Amino acid sequence: MGTGTVVLVVLAVLGVGAVVGVLARAGRREAEAEKARLKEQGRVQALRSLESIWAMSPLEFEEYIAELCRRDGCTGVLRVGAANDLGADVTGRLPDGRKLVVQCKRYAKHRTVGSPDLQKFNGTARSEHGADVPLFVASCKFTKQARAFAARHGLVLVDVDLLGFWNSGTVLTALLDLDIGRSGTNRKLAPDN
């Protein structure tokens with residue numbers, strides 16, 4: 001092989017390498033753009049989903065929460081809410097076997113859940129229903145006093161923000177360890193006009 005041929009082969013290899021490098025960078029940019037697009041699509045879809053949650057009846061909301069529990073591996077999940085339910089709307093067992101008792105409040109997004117609702121639930125969740133994990137799920141915010149009460153009494157709160165994450169695929173067991181007493185906000189969301 002002559003020097004000219006070697007030079008041509010080297011140039012061809014360098015040319016192919018450059019083309020591959022350009023294509024790889026373009027592919028990475030496309031992948032990053034697609035990732036950003038999917039993230040934004042997920043955010044918009046979660047917001048739309050929350051709009052559909054606010055449109056549910058209280059009974060539909062309870063069934064929806066029961067379905068999220070089932071999706072996340074809870075067993076024996078039942079929607080038990082009715083008049084005189086003593087604060088239990090959904091019951092079941094977490095994947096680790098602990099008994100879960102859920103109180104559901106499907107309120108308009110501009111409302112808040114106050115301490116009196118949590119006090120009632122706290123009074124029955126463990127004593128009447130044997131809850132290992134008393135969970136209060138609301139489609140709105142909790143007041144500062146409600147969050148403080150929950151923190152003192154070991155109640156798990158899922159407000160509208162955490163509900164959005166749960167609704168978008170975050171598993172329930174990941175939400176159980178969050179301390180809403182020190183995180184989030186208790187400010188009401190503005191009503192739609």
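The paragraphs below walk through a predicted model of a single chain, from its overall layout to its sheet, its helices and its cores.

The chain holds 6 helices and 7 strands, and read from the N terminus these elements follow one another as α-α-β-β-β-β-α-β-β-α-β-α-α. Of its 193 residues, 36% count as buried. Among contacts between residues at least 6 apart in sequence, 61% join residues at least 24 apart.

The sheet is a good place to begin. Five strands form an open sheet in the order β1-β2-β3-β5-β7, with mixed pairing. The edges are taken by β1 (75–79) and β7, and because each of these has a single partner strand, one side of each is left without a neighbour in the sheet. On average, and ignoring direction, neighbouring strands of this sheet are turned by 15° against each other.

Following the sheet from the β1 edge, β1 and β2 pair in the antiparallel sense over 3 bridges, and here Arg 79 stands opposite Val 90 in β2. Strand β2 (residues 90–93) is in turn joined to β3 by 4 bridges, and these two strands also run antiparallel; in this pairing, Val 90 has Val 102 of β3 as its bridge partner. The hairpin of β2 and β3 has 5 residues between the strands, and in it Gly 97 takes a positive phi near 100°. On the next step the sense of pairing changes, since β3 and β5 run parallel and are joined by 6 bridges, with Pro 134 in β5 serving as the bridge partner of Val 101. Strand β3 is largely enclosed by the rest of the structure, because 5 of its 7 residues are buried.

Helices pack against this sheet. Helix α3 touches β3, β5 and β7, and its direction makes about 150° with that of β5. The buried residues of α3 are Ser 115, Leu 118, Phe 121, Asn 122, Thr 124 and Ala 125, and they pack against β3, β4, β5, β6, α4 and β7. Helix α5, by contrast, lies across β5 and β7 and runs at about 80° to β7.

Within α3, Asn 122 deserves a closer look, as a polar residue that is listed among the buried ones. The side chain of Asn 122 makes a polar contact, at 3.4 Å, with the side chain of Arg 126. Leaving aside residues up to four places away in sequence, Asn 122 touches Phe 149, His 153 and Leu 155. One of these, Phe 149, is a buried residue of helix α4, which makes that helix the natural next stop.

In α4 (residues 144–153), the buried residues are Ala 146, Arg 147, Phe 149 and Ala 150. They cover an arc of only 160° around the axis, and so they lie on the same side of α4. Such spacing can be read against helix geometry: an α-helix has 3.6 residues a turn, so residues three or four places apart point the same way. The buried residues of α4 pack against β4 (112–113), α3 (115–125), β6 (141–142) and β7 (156–158), whereas the face turned away from the buried side carries the exposed residues Lys 144, Gln 145 and Arg 152. Just after this helix, Gly 154 takes a positive phi of about 70°.

The last topic is the nonpolar interior. In soluble globular proteins, nonpolar side chains tend to be buried together. Here the largest nonpolar core has 28 residues, of which Ile 65, Leu 100, Val 137, Leu 163, Trp 166 and Leu 172 touch the most other members. At least two residues of this core come from each of α1 (3–54), α2 (58–71), β3 (99–105), β5 (133–138), β7, α5 (160–167) and α6 (172–176), and α2 gives the most, with 5 residues. Leu 163 shows how these elements meet: not counting residues up to four places away in sequence, Leu 163 touches Leu 50, Ile 53, Phe 61, Ile 65, Leu 68, Val 137, Ala 138, Ser 139 and Val 158. A second core, separate from this one, has 17 residues and includes Val 101, Ala 125, Cys 140 and Phe 142. Two of its members have appeared already, Val 101 as the bridge partner of Pro 134 and Ala 125 as a buried residue of α3.

Definitions and conventions:
Residues are numbered from 1 along each chain as its sequence is written. Side-chain values use heavy atoms; hydrogens and water are left out. Buried means under 20% relative accessible area, exposed over 50%, partly exposed in between (1.4 Å probe, protein chains only). The arc is that of the directions from the helix axis to the C-beta atoms. Contact means heavy atoms within 4.5 Å. A polar contact is a pair of N or O atoms within 3.5 Å; within protein, one must be able to donate a hydrogen and the other to accept it, and residues adjacent in sequence count only if both atoms are side-chain atoms. A nonpolar core is a set of buried Ala, Val, Leu, Ile, Met, Phe, Trp, Tyr and Cys residues joined through side-chain atoms within 4.5 Å. Two strands pair if DSSP finds at least two bridges between them. Axes are lines fitted to C-alpha atoms, for helices over the stretch in contact, and angles run from 0 to 180 degrees between N-to-C directions.
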